[in-house]
Amino acid sequence: MSMIAELNMTDTENMNAIPSFDDDGAHVIVFGNEKGGSGKSTSAMHAAIALLRLGYKVSSIDLDARQGTFTRYLKNRWDNVIRNHTETPSPLHMAIERSQLETVEGQKKEERDFLMMALDELRPCCDFVVIDTPGTDSYLSRLAHSCADTLVTPLNDSFIDLDLLAHIDPVTHEIIKPSIYSHMVKEQQKIKQSGSNGITTNWIVMRNRLSHIDAKNREMVGQCLETLSEELGFTLVTGFGERVIFKELFLQGLTLLDLKENREKPLTLSEISARQEVRHLINAISPETIKGYIKPPKNNSGASVQKSND
Ligand SMILES: Nc1ncnc2c1ncn2[C@@H]1O[C@H](COP(=O)(O)OP(=O)(O)O)[C@@H](O)[C@H]1O
Ligand SMILES: [Mg+2]
């Protein structure tokens, strides 16, 4: 069976869960990859803040509430605002926990109801909803994928992580067959398509933690990803480099796009390059094509500053 034919098999069981939305609500951007540690929460946070700073109204949902990285990142941001009296824009945020009900059917219904309630609440009042998902296969994660107008899959620059998209021949580096996550994305794309007048998810794969020294691995992974992007129909973005700054900013709840207002010393060259990398991701999402160009407010604080409830 060819790669595309294999991917066109439909997960009929999941068809019951087709979410359908009206066209003029927020554009839903899901950060997903069944592998933990690939950079979903880091890139979701950076994308949400970058969109806010472009003047869009942004809200966010954490579906990985057990680990809660996205929610903790925002909590650190709110604490930082209170500590330093800064006007740092933040998205309107919700976190959805996995259901604790006893039956699988009950769990699915409750999780579906919560996600749909959150989207019903957030979509009418903003331009973009950014959703972070757990690094495991779960009903909630699959459901989020089927709601995605844009899916961003961050991928560490390694064959171990690539294995989640496709199995690669160890000698020739040819693609043998798509892997489990690609199957899942294609299934959810079909579900999305049938609920949204034939429009399906725009899938972006973003390389993350690109090494500045391991040029050979970088080139080999890059070549495989180029081929895969044609076979699987995703847009490939050269994402973030391996940079300590992405780790350091978490505790202050800041992103690279907040540094100018939050630090007295000038940006380093590495920080300027990292900001460019974030912009490349935003260019690939292309918010101005989706929602039109919005001129940022003068003080760059277009969104309300949210206060955590916990
Ligand atoms: N570009 C990067 N450079 C350096 N560290 C990174 C980068 N992207 C993510 N990280 C680090 O990798 C770890 C996993 O990132 P995270 O965003 O939590 O991944 P996920 O949400 O997919 O589990 C974190 O320690 C994070 O700080
Ligand atoms: Mg995470």
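Colleague: How much of the chain counts as buried, and what makes a residue buried here?

Modeller: Buried residues make up 41% of the 310 residues in the chain, where a residue is buried if 20 or more other C-beta atoms lie within 10 Å of its own, exposed if 12 or fewer, and partly exposed in between, with C-beta atoms placed from the backbone. This is a predicted model, in which local features need pLDDT of at least 70 and side-chain atom pairs count only at pLDDT 80 or more, while totals for chains, interfaces and linings use all residues. Residues are numbered from 1 along each chain as its sequence is written, and chains are lettered from A and ligands numbered from 1 in the order in which they are written.

Colleague: Why is Ser60 called buried?

Modeller: Ser60 has 29 C-beta neighbours inside 10 Å and therefore counts as buried. Ser60 is found in strand E2, and leaving aside its neighbours within four places in sequence, Ser60 is in contact (C-beta atoms, placed from the backbone, within 7 Å) with Ala48, Phe70, Pro91, His93, Val129 and Val130.

Colleague: What makes strand E2 largely enclosed by the rest of the structure?

Modeller: Five of the five residues of E2 (residues 58-62) are buried, so the strand is largely enclosed. Val58, Ser60 and Asp62 point one way from E2, Ser59 and Ile61 point the other way, and all are buried. Strands, like helices, are DSSP runs numbered from the N terminus, with at least two residues of type E for a strand and at least four of type H or I for a helix; the chain comes to twelve helices and nine strands.

Colleague: How do you know that E2 pairs with strands E4 and E3?

Modeller: Two strands pair if DSSP finds at least two bridges between them. Five bridges join E2 to E4 (residues 128-132), and this pair runs parallel; four bridges join E2 to E3 (residues 92-95), again in parallel. Asp62 of E2 stands opposite Asp132 in E4, and its bridge partner in E3 is Ala95.

Colleague: What makes E3 an edge strand of the sheet?

Modeller: The open sheet has seven strands in the order E3-E2-E4-E1-E5-E8-E9, with parallel pairing. E3 and strand E9 (235-238) are the edge strands, each pairing on one side only. Within this sheet, strand E5 (residues 150-156) and E8 pair in the parallel sense over seven bridges, and the bridge partner of Pro154 in E8 is Met206. Helix H2 packs on the sheet, touching strand E1 (27-31), E2, E4, E5 and E8, and its direction makes about 165 degrees with that of E4, where angles run from 0 to 180 degrees between N-to-C directions and axes are lines fitted to C-alpha atoms, for helices over the stretch in contact.

Colleague: Why is the crossing of helices H4 and H5 called right-handed?

Modeller: The axes of H4 (residues 104-122) and H5 (residues 139-147) come within 10 Å and cross at roughly 35 degrees. A crossing is right-handed if the near helix is turned clockwise from the far one by less than a right angle, and left-handed if anticlockwise; the crossing of H4 and H5 is right-handed. The contact is made by Lys108, Glu111, Arg112, Leu115 and Leu119 of H4 and by Tyr139, Leu140, Leu143, Ala144 and Cys147 of H5. These residues divide into seven nonpolar, no polar and three charged, with Ala, Val, Leu, Ile, Met, Phe, Trp, Tyr, Cys and Pro counted as nonpolar, Asp, Glu, Lys and Arg as charged, and the others, Gly among them, as polar.

Colleague: Which residues come nearest to ligand 1, and what makes a residue near?

Modeller: A residue is near a molecule if its C-beta atom, placed from the backbone, lies within 6 Å of it. Of the 16 residues around ligand 1, Lys40, Ser41, Thr42, Phe240 and Phe246 come nearest. The shell divides into two nonpolar, nine polar and five charged residues, and H2 gives the most to it, with three residues.

Colleague: What makes His85 and Arg209 notable in phi, and are they buried or exposed?

Modeller: Most residues other than glycine have a negative phi. His85, in the loop between helix H3 (69-84) and E3, has a positive phi of about 50 degrees although it is not a glycine; with 6 other C-beta atoms within 10 Å, His85 is exposed. Arg209, in the loop between strand E8 (202-208) and helix H8 (215-232), has phi near 55 degrees, also a positive value in a residue other than glycine; Arg209 has 20 other C-beta atoms within 10 Å and is therefore buried.

Notes: Contact = placed C-beta atoms within 7 Å.
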